[in-house]
Amino acid sequence: MRQTGLFTKTAKNVPKDEVAKNAILLIRAGYIDKVMAGVYSLLPLGLLTIERINAVIREEMQRIGGVELLLTSLQNPDVWKKTSRWEGDVWFKSVINSGGETGFGWTQEEEIAALMRSHIQSYKDLPRSLFQIQTKFRNEERAKSGIMRGREFLMKDLYSFHSSENDLSHFYEECAIGYERIFARVGLGISTYRTVASGGAFAKYSHEFQTLCEAGEDIIYVHEGKKIAVNKEVCTNEVLADLGIARTELTEHKAIEVGNIFKLGARFSEPLGLLFTDEKGERKPVLMGSYGIGPGRVMGAIVETHADERGLLWPEEVSPFHYHLILIGSKRTEVRARADALYAALKARGKRVFYDDREDVQAGEKFADAELLGFPEAIIVSEKTLQEDRYEVKERRGGGSRSFREQELIG
RNA sequence: CGGAACGUGGUGUAACGGUAACAUACACGAUUCGGGUUCGUGUGACUCCGGGUUCGAAUCCCGGCGUUCCGACCA
């Protein structure tokens, strides 16, 4: 992508109505735009970043057998009334002009359980796991923390269906491992802990994936040795005994909940009549699990934990581009021609390149912009590099630079 | 939902109840051309909305809407 083809601009001034680091940097760099409290648009660079995160999530969900679909946002109240979840303040609800009402989905257990009634009849139809990446709506009392707690946000929600508790538990663990792979790949591995949280009616515990961060809203107690944590909300002596850890071994941290996994049992399948026939001919409720990750929160958590005083700093796997090709001395036609050629050559080889081809912009401003945008490596093309017949490649993290011949770069 | 602060050009700030100013961004002209260069000129605001007080309101009062922060809430 050429920078002259991008409409967004970087800003020096920080928006005054934002305090969260993630929102300030993402807005300054032109990745997102704030529409209302807790409602942000994804601009081109923001969208590319989210798509990178989604691609990782997709791959790992498919690896554990998940099949992707896309459910509707508008919800049928009837199914929600059966599970007594139509009431409550989370909903954004609306009326249908021709009669009746609807609500915007904030999670989807009811809808998917209702759907699966037509597709699961026998134990032979199990297990199944389905996921989607979809916009969710929650009427939060108070939106905060920039993109990390919005009223409209993207969510990956996977639902699994099982014939036995054993099978559910097995998949639950598989999914937990998948989640660990995801967070490792997007650059949150070392700071993300599988955290014990309240389980609900069916299971004693659920698990949250919590990324240590001062901007987080949750408080967790971390056991470094075992690489596990306990949410403050459930950190009782009984829980600690279950986990075989002592309170003195724990350290308190603030954290961002970037994902959660939940055993639902028959909580939704039973009231909605999602039943199957087992080997003995008996009718039983399907056992379910649900597993969420917020790609926007992940993006926010990456910004919070990776960005520095110069701007954003993306791990390679989620960065919208790998190279930020910077043309210096844009008036000199031979320099521009070489930069154009290098851009084309890199693209032809499938490299993800963002090309700062702007004219009349000073080198300093280009460097500052590149650091704000945060791609892993900058390639600098200038009179100086051409004289040496080499290109300078500068790392965003650390700022070290090396020079390469064209062959080494595109080979 | 309780408490607090705030709402002024695109963005960020200023202005005692008395001509709305500055920075940035933008446009034009020079200058510079590997770290946000320098200078000049110019465009751009019914001061969130609606009432009220006053000779006169960005400023004071009331109501609404919105934003942020603290708390409560967050299957």
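A residue is counted as near a strand when its C-beta atom, placed from the backbone, lies within 6 Å of it. By this rule, 40 residues of the predicted model surround RNA strand B. The nearest of them are Asp17, Ala37, Ala363, Gly364 and Ser382. Four elements each supply two or more residues to this surface. They are strand 13 (251-265), strand 16 (287-293), helix 10 (363-373) and helix 11 (383-387). Helix 10 contributes the most, with eight residues. The surface near RNA strand B is mixed in class. It holds 14 nonpolar, twelve polar and 14 charged residues.

Chain A as a whole comes next. Its 411 residues include 41% that count as buried. The C-alpha trace spans about 80 × 60 × 45 Å along its principal axes. Twelve helices and 21 strands make up the secondary structure elements of the chain. Among contacts with a separation of 6 or more, 70% join residues 24 or more positions apart.

The domain assignment divides chain A into domain 1 (3-306) and domain 2 (323-410). The C-alpha centres of these two domains lie 39 Å apart. Contact between them involves five residues of domain 1 and eight residues of domain 2. On the domain 1 side, the touching residues are one nonpolar, three polar and one charged.

A UniProt annotation from an unreviewed entry also applies to this chain. It reads "domain: Aminoacyl-transfer RNA synthetases class-II family profile" and covers residues 124-315. This span is 23% helix and 39% strand. Its end C-alpha atoms lie 42 Å apart.

The interior was examined through its nonpolar residues. In soluble globular proteins, nonpolar side chains tend to be buried together. The largest nonpolar core of this model has 97 residues. Leu26, Val186, Ile302, Leu325, Ile326 and Val381 touch the most other members. Both domain 1 and domain 2 give at least three residues to this core. Val381 shows how one such residue is surrounded. Beyond its neighbours within four places in sequence, Val381 is in contact with Leu325, Ile326, Leu327, Ile328, Val335, Arg338, Ala339, Leu342 and Tyr391. Two of these partners, Leu325 and Ile326, are also among the core residues that touch the most other members.

Helix 10 faces more than the RNA. Besides giving eight residues to the surface near RNA strand B, helix 10 has buried residues. These are Lys366, Asp369, Ala370, Glu371 and Leu373. An α-helix has 3.6 residues a turn, so residues three or four places apart point the same way. Lys366 and Asp369, as well as Lys366 and Ala370, illustrate the buried set. The cover over the buried residues of helix 10 includes strand 17 (323-327), strand 18 (353-356) and strand 19 (377-381). Just after the helix, Gly374 takes a positive phi of about 80 degrees.

Several backbone features were then noted. Most residues other than glycine have a negative phi, and most peptide bonds are trans. A cis peptide bond joins Leu126 and Pro127, with omega of about -5 degrees. Pro127 sits in the loop between helix 4 (109-116) and strand 7 (128-137). Ser145 has a positive phi, near 60 degrees. This serine is found in the loop between strand 7 and strand 8 (152-162). Ser145 counts as buried because it has 21 C-beta neighbours inside 10 Å, and the cut-off for burial is 20 or more. Lys227 also has a positive phi, near 55 degrees. Its loop runs between strand 11 (218-223) and strand 12 (228-231). Lys227 has 12 C-beta neighbours inside 10 Å, so it counts as exposed. The limit for an exposed residue is 12 or fewer.

Ser403 completes the survey. This residue lies in strand 21 (residues 401-404). Ser403 has 15 C-beta neighbours inside 10 Å and therefore counts as partly exposed. Leaving aside neighbours within four places in sequence, Ser403 is in contact with Glu388, Arg390, Tyr391 and Glu392. Ser403 and Glu388 are 15 residues apart along the chain, and their C-alpha atoms are separated by 9.5 Å. Tyr391 links two parts of this account, as a contact of Ser403 and of Val381.

Conventions:
Residues numbered from 1 in each chain as written. Chains lettered and ligands numbered in written order. Nonpolar A, V, L, I, M, F, W, Y, C, P; charged D, E, K, R; others polar. Core = buried A, V, L, I, M, F, W, Y, C linked by C-beta atoms within 7 Å. Domains from an automatic or database assignment. Contact = placed C-beta atoms within 7 Å. UniProt positions renumbered as here; feature names shortened; annotations may be inferred.
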